[in-house]
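Reader: Hi, I'm new to this one and would like to look closely at one small spot before stepping back. Could you start there and then walk me through the rest?

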Amino acid sequence: MNQAAIHLSLVDYSILGLYIFFVIGIGFALKRHMKTSADFFLSGRSIPAWVTGLAFLSANLGALELVGMAASGAKYGIATCHFYWVGAIPAMIFLAVFMMPFYYGSKARSVPEYLKLRFDERARAFNSVSFAVMTIFASGISLNALAKLLNQLLGWDYNICLWVCSFIVLLYVLKGGLTSAIYTEVLQFFMIVLGFAPVVFLGLKDAGGWGVVKEKLAGVATHPATFNLVSDPAKTFAPDAWTSAWVPLLGGPSANPMGIDLFAMVFGLGFVLSFGYWCTNFLVVQRAMAAKDMTAARNTPLVAAVPKMFFPLLVILPGMIALALTATPGKGYRLPQSIITQAHLPAAIASIRQSVVTHADLASTSRSLSSASGASFNRAKIEELLRNPSTLSASDEALAIRIQDAVVNDYDGVILSLVKRYCPTGLLGLALTALLASFMSGMAGNVTAFNTVWTYDLYQAYIAPNKSDDHYYWMGRVVTIVGILLSIGAAYFASMWTNAMDIIQLVFAFVNAPLFATFLLGMFWSRTTGTGAFVGLISGTLASALFHACTISVGNLPGVKGGYLHNFWTLPSDMAQNFWLASFAFTVCFAVTVILSLATRRTKSDEELKGLVYSLTPRQIELQAWYARPEFIGIVLLVVCVILNFIFW
Amino acid sequence: MGLDIRFPIGMMFTLLGLILLGTGLFTDANAALRITPAININLIWGAVLFLFGALMWGSAVFGKNK
C-alpha cells in the first residue's frame with residue numbers, strides 16, 4: 001500500500017491516549033498486590049471465570065489474526081469459518097470438559113510442568129525450550145507487522161512504533177504480572193469488539209446487506225480471475241463457493257477456493273491442529289490455570305467459546321464485504337493492491353510491448369514485468385495482454401490502467417482499507433486503538449507465558465533450583481524485560497530476513513504438529529511411558545520435516561515451500577499441504593508412542609499418576625446443579641456450533 | 001484480587017462514549033467520507049459505548065460478587 005498516510009486529529013489521539021492511560025493504570029493499580037512469585041506468575045489463582053475466559057480469547061487474538069482472517073475472508077469466503085466452527089470451538093470444549101481437570105488439578109504451574117509430572121524431564125525440557133523460543137519469535141513477528149502497519153498507515157516511524165508499543169506492554173506486565181496481563185486482556189477484548197463492530201456494520205450497510213453480498217459473491221465465484229482471485233482465466237467455481245461452508249468442500253479440492261479436501265479439513269485442521277493448539281499451548285492454558293477454583297478453570301474455555309463462535313462476523317465478514325464491494329460497480333472500491341508508481345510505469349509499459357513484439361512466453365513476460373515494476377501479477381490478465389495485438393496500438397494511459405489492474409491483491413490490506421473508507425475522525429481513533437489493543441493483548445500473552453516457562457521450567461528446574469521465592473520473583477521481572485528485548489530483536493530480524501523467518505515458522509509447525517498425540521495418550525492411557533512420549537514427539541517432529549521435504553503444493557518451486565528432497569505428492573494448495581502434514585505427524589507420533597510404551601517399562605506407579613491420568617483419577621464430586629456443569633454447557637455450545645454449520649451449509 | 005476490572009472498563013468506555021458523542025454533536029466528521037445513506041456514526045456509536053461503559057460501571061458499584 002503506497003497510498004497517502006491518514007492524518008489523525010486531536011480526537012483520535014485522545015482516544016488512543018485514554019486507552020494507554022487505562023492499560024498502564026491497571027498495571028500500577030495491581031502492583032501493590034504483587035508479593036510472591038505465585039502472585040506474579042499465576043495470579044495467585046484467584047480470578048473469576050468470566051475474566052479468565054475473555055483473557056483466554058484475547059491472548060490468542062493478535063493483530064495478525066484480525067488482519068489475516070479478513071484476508072482469508074476475501075480470498076476463500078465463508079469456508080474460513082472452519083477455523084472457528086470446526087477448529088477452535090470443539091477443541092475448547094474438549095479442553096474444558098476433559099483436560100482442564102488434569103491441568104488444574106495436578107497443581108502444575110505450566111504445561112511443560114504437567115509433562116514432567118506425567119512423564120519425565122525429557123518431555124518437559126523439549127516442550128519448554130521449543131515453547132520459549134516460539135513465543136519470542138511469535139511476538140517478534142507480530143511486533144514487526146504492527147510497526148510496519150502503523151508506518152504505512154499513519155506515517156509513524158517504524159523504530160518509534162516498535163519501541164513505544166513494547167514499552168507500554170513491558171510497563172504493565174512488569175507492574176502487575178499475569179494478573180495485569182489478564183485484566184488488560186479483558187479490557188482489550190471489549191476494545192477490539194467495540195472498535196471493529198461499527199466498521200463491519202457500516203460495510204454491510206454500504207454493500208446493501210447480507211443478501212446483496214451473497215448475490216455479488218455468486219458473481220465473483222463464477223468469474224474469479226476477473227478479480228485476480230485465481231490465475232487461471234478459465235477457472236470457475238459454483239456460485240455458492242464463497243458463501244457456503246460445506247457444499248464446496250464436499251466437491252473436492254478443485255471445487256473450493258481453499259483447494260482443500262474434506263479429510264484434511266476435518267482431521268488435519270479440526271482435530272490435529274486445533275486440538276494441538278487450544279489444548280496444549282501454554283499461552284492460552286495459562287489463563288485458565290489462573291482461575292480461582294476448578295469450576296472456574298473448567299468454565300474458562302467455555303466462556304471463551306461463546307464470543308469465539310460469533311467472531312467470524314467481526315473478522316471474516318469484513319473480507320467478504322470487501323470482495324462484494326469490489327464486484328459492485330459504482331462503489332469506487334476494490335481489494336487493495338500495491339500501486340505501481342509513476343517512476344516504474346514507463347518501464348512496465350515498455351516491457352509488455354517488447355514482449356508482444358518478440359512473442360515472448362508468459363513466464364518470461366511475467367518475470368520481466370515484475371522486475372520492471374516491482375509488483376507481482378495475475379498471469380491470466382498478463383496473458384490476455386500478451387495475446388492481444390491491440391496491446392501495441394493502445395495508448396500508454398490505457399495500458400497503464402490494464403497493467404495496474406493485473407497486479408495481485410494485497411489481501412492483508414483489506415481490513416485497513418475498510419477502516420479508511422468508513423471511519424470518520426473519532427471512529428478512526430477507536431478502530432486504530434482496537435488494532436493496537438489486539439496487538440498488545442497478543443504480546444502480553446506471549447511475554448507472560450514466556451516468563452513463567454523460563455523461570456519455572458528452565459531456570460528453577462535446570463539452572464538454579466532451591467532458591468528463595470523472592471529470588472524467582474526477581475528473576476520473573478528480569479526475564480520479562482529480557483523477553484521484551486528479545487521480541488524486539490526478533491522483530492528486527494523478521495524485518496530484515498523474511499526467508500529466515502519463514503523457515504523458523506516452519507520449524508515450529510513441525511514441533512507443534514505431533515504435540516496433541518502426546519497429551520492425548522498421556523492423559524487417557526496410563527500405560528504411556530516417558531520414553532514412549534519423548535521418542536514419539538521427536539519422531540513426529542522429524543516425520544513432519546520429512547513430509548514437508550517430500551511434498552509440494554501446486555504452483556510452488558522446491559525449496560522453503562517443500563519438495564526439496566523428492567516430490568512424492570503434489571497437493572492442491574499450501575493449506576492442504578499444511579493440514580496433511582499435521583495429520584501425518586500426529587499419526588507417526590501416536591503410533592511410535594504406543595509401540596514404544598508397550599515395549600518399555602512404566603517408571604511411574606498408579607499412585608504417582610493419580611490426578612494426571614483420566615482412568616486413575618477419582619471422579620470429582622459435582623457440587624453444581626446439572627445445568628451448571630461444564631459437561632452440560634459444553635454439549636449446549638456444541639449443538640449451537642453444529643446449528644451454525646447447518647445455517648451456512 | 002483487589003481490583004474489580006469492571007471499574008476501569010466501565011470508566012474507560014464511558015469516557016470514550018462521551019468523546020465520540022461530542023465529536024458527533026459538534027463536528028461534521030462524516031462529510032469527508034462517502035457513506036450513503038449519511039448517518040452520524042460517531043453519535044450512534046458514542047451512545048452505544050457510553051451505555052456499555054455505564055452498565056459495566058454500574059454493575060461494579062452495585063454488584064457484590066467480584
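What does Asn466(A) count as, buried or exposed, and how many C-beta neighbours does Asn466(A) have inside 10 Å?

Author: Asn466(A) counts as exposed, because it has just 6 C-beta neighbours inside 10 Å. The cut-offs go like this: with C-beta atoms placed from the backbone, a residue is buried if 20 or more other C-beta atoms lie within 10 Å of its own, exposed if 12 or fewer, and partly exposed in between. Before we go on, bear in mind that this is a predicted model, where local features need pLDDT of at least 70 and side-chain atom pairs count only at pLDDT 80 or more, while totals for chains, interfaces and linings use all residues. As for the labels, residues are numbered from 1 along each chain as its sequence is written, and chains are lettered from A and ligands numbered from 1 in the order in which they are written.

Back to your spot. Asn466(A) sits in the loop between helix 21 (427-463) and helix 22 (469-496) of chain A. (Helices are DSSP runs of H or I with at least four residues, strands are E runs with at least two, and both are numbered from the N terminus.) Its backbone is worth a look too: phi of Asn466(A) is near 60°, a positive value in a residue that isn't glycine. His359(A) also has a positive phi, of about 50°, without being a glycine. You'll find His359(A) in the loop between helix 15 (345-358) and helix 16 (362-373) of chain A, and it is exposed because 9 other C-beta atoms lie within 10 Å.

Now slide from the loop into helix 21 of chain A, where Leu435(A) is found. Leu435(A) counts as buried, because it has 24 C-beta neighbours inside 10 Å. Skipping residues up to four places away in sequence, Leu435(A) touches Ala63(A) and Leu66(A); touching, or being in contact, means that two C-beta atoms placed from the backbone lie within 7 Å. Pro618(A), 183 residues away along the chain, has its C-alpha atom 46 Å from that of Leu435(A).

Time to step back to the whole of chain A. Its secondary structure comes to 27 helices and two strands, and 55% of its 649 residues count as buried. The C-alpha trace spans about 85 × 60 × 45 Å along its principal axes. The chain's radius of gyration is 26 Å, which agrees with the value near 26 Å for a compact globule of 649 residues; the radius is taken over C-alpha atoms, and the globule rule is 2.2 Å times the number of residues to the power 0.38. An automatic or database assignment of bounds divides chain A into domain 1 (10-327 + 414-496 + 619-647), domain 2 (345-408) and domain 3 (498-617). Between the centres of domain 2 and domain 3 of chain A, taken over C-alpha atoms, there are 45 Å.

What about the inside? A nonpolar core is a set of buried Ala, Val, Leu, Ile, Met, Phe, Trp, Tyr and Cys residues joined through C-beta atoms within 7 Å. The largest one has 223 residues, and Val169(A), Met320(A) and Ala431(A) touch the most other members. Helix 8 (residues 158-207) of chain A gives the most to this core, 24 residues. Domain 1 and domain 3 of chain A each supply at least three residues to this core. Beyond four places in sequence, the contacts of Val169(A) are Met440(A), Met443(A), Ala444(A), Val447(A) and Ile484(A). There's also a second, separate core of 14 residues, including Ile352(A) and Ala372(A).

Last stop in chain A: helix 27. Its buried residues are Pro630(A), Ile633(A), Gly634(A), Leu637(A) and Cys641(A). They sit on the same side of helix 27 because they cover an arc of only 100° around the axis, going by the directions from the helix axis to the C-beta atoms. On the other side, Val639(A), Ile643(A), Phe646(A) and Ile647(A) are exposed. The cover over the buried residues includes helix 5 (82-105) and helix 13 (294-315) of chain A.

Finally, chain B. It has two helices and zero strands, and 35% of its 66 residues are buried. In all, 24 residues of chain B are in contact with 31 residues of chain A. On the chain B side, helix 1 gives the largest share, nine residues.
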